[in-house]
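Open your viewer and get ready to click along. Which parts should you select, and what will you find there?

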Amino acid sequence: MWFLNILLLIVILGIIILIHEFGHFIWAKKFGVHIYEFSLGMGPVLHTHKGRDGIDYNLRAFPIGGFVSMAGEVYDDDDKIQKEDLMCNKKWYQRLIILVAGVVNNFILAIVTLFIIALIWGATPTKPMISEIVPDSAISKALSKETSSPIEVGDTITKVNGVKTLSWDKLQIALYRKNKNETYQFDVKKNDGKTYTYEVKPDKQKNEDGTESNVFGFRVGGEEEKGFFASLKYAFCKFQSIVDSMLLTITSLFTGKIGLNSLSGPVGIYEVVGQSVSVGLSQVIYIMAFLSINVGFINILPFPAFDGGRVLFLIIEKIKRSPVNSKIENTFHNVGFILLLLLMVYITIQDIIKFF
């Protein structure tokens with residue numbers, strides 16, 4: 001079973017990476033950039049094919065990334081290639097499109113996948129509307145500061161500790177964030193449209209690994225919708241919901257509300273894929289959509305070595321009306337790449353400790 005899970009993970013990551021790199025590749029080719037290589041995976045080459053277009057199409061050993069090697073990505077680096085075929089000599093908007101195309105492809109893949117899920121299995125609500133309250137739980141005991149009324153099924157949680165929770169995905173992150181006094185302030189919207197404030201002190205639950213987690217005692221949900229337009233609406237709403245939750249996660253990492261040990265690498269993703277297999281096909285497909293949004297979102301961040309980092313230099317170039325010194329940009333990306341590798345090693349070690 002573990003072998004099938006690993007194989008499934010490789011297939012899912014392979015599709016996501018292929019779609020991402022194809023975005024860079026197809027637009028670079030369209031704008032006449034000379035391409036040396038299109039690689040799926042990283043590390044040693046397992047299989048190579050020289051295309052009629054002269055490009056090396058490679059399959060590499062480690063399915064954790066991919067790349068499109070283009071001439072002149074930062075500066076004139078090949079005297080054998082015509083100047084007009086170097087990426088650095090292309091128009092500003094063309095370079096921008098090439099850089100963001102991978103992210104756009106990931107987002108399109110996710111939206112299409114979410115649409116298919118909803119079309120086949122039904123569109124689940126994304127709003128954090130309470131569908132069940134566990135008796136004698138923390139949330140069942142909370143009373144409104146204004147009217148002393150309890151939280152009821154059908155109420156919608158609109159904020160937690162001042163953070164807007166427009167979706168269940170974002171609500172999960174808001175509840176997971178560190179809270180010093182262990183009391184959470186909920187803003188809850190009633191059916192009559194009025195919003196009241198509640199203070200909820202969660203119960204503690206010991207996990208198998210010895211850690212503690214908060215238990216609030218409620219579930220969210222609602223009636224599933226069927227049909228083309230309901231599925232289309234779900235795809236875009238769910239996409240926005242996941243992106244919003246990722247934005248909150250990133251800001252929480254910088255503010256210390258969420259620790260680095262909460263992040264997952266390949267080992268953690270493998271575990272999630274294994275769990276999704278036990279749930280069913282719809283969950284496996286959803287994981288692909290979720291990971292595709294993750295890859296796109298992370299890549300567009302203005303961090304060295306990411307597509308977003310390169311876009312940042314393009315924006316600086318546009319503002320100052322001249323290219324940034326190529327040595328400075330290369331150093332920026334190289335240092336960033338090293339930091340990313342160190343972060344990946346740390347996260348992987350944490351994953352292995354949790355897993356075993």
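This tour visits some strands and then a pair of helices, and keep in mind that the model is predicted.

**Stop 1: S4 and S6.** Select residues 156-160, which make up strand S4, together with residues 184-189, strand S6. The two pair in the antiparallel sense, with four bridges between them. Now highlight Thr-156: across from this residue, in S6, you'll see Lys-189.

**Stop 2: over to S7.** Keep S6 on screen and add residues 195-200, strand S7. How many bridges join S6 to S7? There are six, and these strands run antiparallel. Stay on Lys-189 for a moment: Thr-195 in S7 stands opposite Lys-189.

**Stop 3: the turn.** S6 and S7 form a hairpin, and five residues lie between the two strands. Pick out Gly-193 in that turn; its phi is positive, at about 90 degrees.

**Stop 4: two helices.** Next, select residues 168-176 (helix H4) and residues 228-255 (helix H5). Their axes come within 7 Å and cross at roughly 20 degrees. An angle under 35 degrees counts as roughly parallel, so that is how H4 and H5 lie relative to each other. The crossing of H4 past H5 is right-handed.

**Stop 5: where they touch.** Show side chains for Asp-169, Lys-170, Ile-173 and Ala-174 on the H4 side of the contact. On the H5 side, show residues including Lys-238, Ile-242, Asp-244 and Leu-248. What mix of residues makes up the contact of H4 with H5? Colour by type and you'll get four nonpolar, three polar and four charged.

Notes:
Residues numbered from 1 in each chain as written. Predicted model: local features only at pLDDT ≥ 70, side-chain atom pairs only at ≥ 80, totals over all residues. Heavy atoms only, no water. Pairing = 2+ DSSP bridges. Axes fitted to C-alpha atoms, helices over the stretch in contact; angles between N-to-C directions. Parallel < 35°, antiparallel > 145°, perpendicular 65-115°, else oblique. Left-handed = near helix turned anticlockwise from the far one by under 90°. Contact = heavy atoms within 4.5 Å. Nonpolar A, V, L, I, M, F, W, Y, C, P; charged D, E, K, R; others polar.
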